[in-house]
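Reader: I am new to reading protein structures and would like some company. Could we go through one together, question by question?

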Amino acid sequence: MNRIELDRSDDLSGLISTYRPGFSLDARFYSSDAVYQRDLDVVFCRNWIYAGHISQLPKPGCFFLMEPGEESIIVVRDGARSVRAFANVCRHRGCRICTAEAGEVKAFVCPYHAWAYELNGRLRSKRAMPKDFDRSKYGLKPVRCEIFHGLVFINLDDGAPGLIDAIDEMNSSFEPYQLENTRVACRETYTVDANWKLAVENFMECYHCAPAHAEYSRCHTLKSPKDNEALRPAMLEEAGRLGYSTTAIDRSLPTDTGLVQYYYARNALYEPFVTGSKDGSAVAPLLGRVKEYGGGVADIQIGPVSFGILYPDHAVLYRFVPRGVQCTDMDIIWLVNQDAEQGKDYDLDELTWMWRVTSEADKKIILYNQKGINSRYYEPGPLSEMEAFTSGFIRWYLAQIE
Ligand code: FES
Ligand SMILES: [Fe+2]
């Protein structure tokens with residue numbers, strides 16, 4: 001990897017001040033350890049980050065991990081059936097406690113010297129410690145955790161405003177889907193050797209859809225602003241009749257650090273597509289309280305690195321997890337109605353086809369993007385009007401890390 005580090009004299013503010021609005025970012029934003037560390041400290045530690053879905057925690061003791069950068073957060077259902085989050089760091093000498101990325105436990109037992117913690121984080125047993133040792137002082141460190149329509153979010157910043165209140169106006173957008181009554185049918189991780197921002201920038205624009213995603217572009221009018229505008233009125237009328245919210249919400253660019261970004265908009269699908277599938281036909285039973293297929297598709301965002309596509313019969317949720325300066329996990333889950341049975345109500349290959357081919361293609365172009373940026377010949381290039389959200393993301397990002 002051609003790592004371009006910031007010079008000692010060349011501090012972050014200096015780098016930010018070189019940014020030319022309407023252009024892509026300088027290579028150092030995608031290669032410098034100092035910038036990456038700043039990204040982790042600010043973007044991933046001061047914002048609400050989507051971690052997973054409640055159906056991944058069906059019983060007390062079920063847990064999964066969310067691991068941005070060097071952090072590892074345990075999200076668990078405790079004995080009282082509440083969902084909680086804790087730092088995955090032992091209070092003895094700091095060993096990781098959970099080493100599997102998901103599982104079910106009766107208690108968290110550290111693999112190093114076997115200190116054991118209850119599901120609510122309290123230290124239960126420790127070996128060979130002095131008589132006057134006060135266990136109550138050494139519980140797992142809690143991390144804030146809130147649930148919105150079945151989606152679990154965490155925030156490492158104790159001072160950040162709450163999530164649920166901040167995104168109150170999104171309730172009517174989510175309510176018809178009843179995502180709290182869905183379950184994960186499939187989970188897939190695509191690891192790409194590229195900086196996390198390239199994955200997000202890619203997801204935020206559909207300028208690349210026509211050239212890079214033939215399958216998506218047959219189905220989604222988002223690939224063509226002209227088609228999207230032309231088909232929007234009829235789609236919105238039908239969506240309203242079916243009970244979906246037709247009000248677009250765009251709070252993707254809050255200017256103050258710590259405020260939640262969120263976005264909801266419906267977009268039309270080309271006929272005869274009723275969902276994101278290979279041939280256009282339905283791939284699963286309808287979600288929520290809507291009784292007919294149709295009404296287009298909802299594109300959503302909550303927080304800086306989590307996006308979703310809500311079809312009438314399934315939802316696809318993305319989280320981008322930075323694993324290194326130039327390594328990012330694109331974690332995807334496919335949600336179906338909680339009563340839907342695989343093999344009877346849906347076929348897993350049909351359900352996941354669209355976002356498998358799309359994600360495979362994205363993984364390649366994001367990697368090629370990073371490789372080009374690592375070249376000495378790269379210089380920031382001008383963005384298209386079809387990359388308005390990417391441009392917005394860059395402005396938001398620079399304001400965050402400043
Ligand atoms: S580091 Fe966990 S028990 Fe020692
Ligand atoms: Fe893409």
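The questions below walk through this predicted model, from its metal site to its cysteines.

Reader: Let's start with the metal. Which protein residues are the donors of the iron ion (ligand 2)?

Author: Happy to! The donor atoms lie 2.0 to 2.5 Å from the iron ion (ligand 2). Two of them are NE2 atoms of histidines, and Asp362 is listed twice through OD. The residues are therefore His208, His213 and Asp362.

Reader: What is the geometry of the site of the iron ion (ligand 2)?

Author: The angles among the four donor atoms run from 57 to 155°. Four donors count as tetrahedral if all angles lie between 85 and 135 degrees, and 57° falls outside that window, so the tetrahedral label does not fit. Water is not among the atoms, so a site may look incomplete. The site of the iron ion (ligand 2) is classed as irregular.

Reader: How many residues apart in sequence are the parts that histidine 213 and aspartate 362 tie together?

Author: Along the chain, the donors follow the spacing H-x4-H-x148-D. Histidine 213 belongs to the loop between α6 (209–212) and α7 (214–219), while aspartate 362 belongs to helix α9 (residues 348–373). Both of these residues are buried. The pair ties together parts whose separation in sequence is 149 residues.

Reader: Now for the strands. Why is β17 described as largely enclosed by the rest of the structure?

Author: Strand β17 covers residues 327–337. The reason for the description lies in how many of its 11 residues are buried, and that number is 10.

Reader: Which strands run antiparallel to β17, and how many bridges join each of them to β17?

Author: Let's take them in turn. Strand β16 (residues 315–324) runs antiparallel to β17 and is joined to it by nine bridges; a hairpin of two residues also connects β16 to β17. One of the paired positions is tyrosine 318, whose bridge partner in β17 is isoleucine 332. The other strand is β11 (residues 182–192), also antiparallel to β17, with 10 bridges.

Reader: Which residue in β17 is the bridge partner of valine 192?

Author: Valine 192 falls within strand β11, which spans residues 182–192. Its bridge partner in β17 is threonine 328.

Reader: There is also an open sheet of three strands. Which of them stand at the edges?

Author: The order in this sheet is β6-β7-β8, with antiparallel pairing. β6 and β7 (residues 116–117) pair over two bridges, and valine 109 has alanine 116 as its bridge partner. An edge strand has a single partner strand, so one side of it is left without a neighbour in the sheet. The edge strands are β6 (108–109) and β8 (123–125).

Reader: On to aromatic rings. Is the pair of phenylalanine 307 and phenylalanine 320 stacked or edge-to-face?

Author: This is one of 22 aromatic pairs found in the whole structure. The ring centres are 6.0 Å apart and the planes meet at 65°. Planes over 60 degrees apart count as edge-to-face, so phenylalanine 307 and phenylalanine 320 are edge-to-face.

Reader: Where in the chain do phenylalanine 307 and phenylalanine 320 sit, and how many residues apart are they?

Author: Phenylalanine 307 counts as buried at 5% relative accessibility, and phenylalanine 320 is buried as well, at 1%. Phenylalanine 320 also forms a tilted pair with tyrosine 318, with 5.5 Å between centres and 35° between planes. Phenylalanine 307 is in strand β15 (residues 306–310) and phenylalanine 320 in strand β16, and they are 13 residues apart.

Reader: Which ring does the charged end of arginine 356 sit over?

Author: The distance from that charged end to the ring centre is 5.5 Å. The ring belongs to tryptophan 334.

Reader: Last topic: the cysteines. Is the disulfide of cysteine 206 and cysteine 209 left-handed or right-handed?

Author: The structure holds one disulfide, and it joins cysteine 206 to cysteine 209 with an S to S distance of 2.0 Å. Both cysteines are buried. The torsion about their S-S bond is about -105°, so the disulfide is left-handed.

Reader: What is the distance from the sulfur of cysteine 95 to the nearest cysteine sulfur?

Author: Cysteine 95 is partly exposed, with a relative accessible area of 23%. A disulfide needs sulfur atoms within 2.5 Å, and cysteine 95 is in no disulfide. Its nearest cysteine sulfur is that of cysteine 110, at 4.1 Å.

Terms used. Residues are numbered from 1 along each chain as its sequence is written. Chains are lettered from A and ligands numbered from 1 in the order in which they are written. This is a predicted model: local features need pLDDT of at least 70, side-chain atom pairs count only at pLDDT 80 or more; totals for chains, interfaces and linings use all residues. Side-chain values use heavy atoms; hydrogens and water are left out. Donors are N, O and S atoms within 2.8 Å of the metal (3.2 Å for Na, K and Ca); water is not among the atoms, so sites may look incomplete. Four donors count as tetrahedral if all angles lie between 85 and 135 degrees; four count as square planar and six as octahedral if opposite donors are over 155 degrees apart and all others between 65 and 115; anything else is irregular. Helices (H or I, at least four residues) and strands (E, at least two) are DSSP runs, numbered from the N terminus. Buried means under 20% relative accessible area, exposed over 50%, partly exposed in between (1.4 Å probe, protein chains only). Two strands pair if DSSP finds at least two bridges between them. Rings of Phe, Tyr and Trp (its six-membered ring) pair if their centres lie within 6.5 Å; planes under 30 degrees apart count as stacked, over 60 as edge-to-face and the rest as tilted. A charge sits over a ring if NZ of Lys or CZ of Arg is within 6 Å of the ring centre and within 35 degrees of the ring normal.
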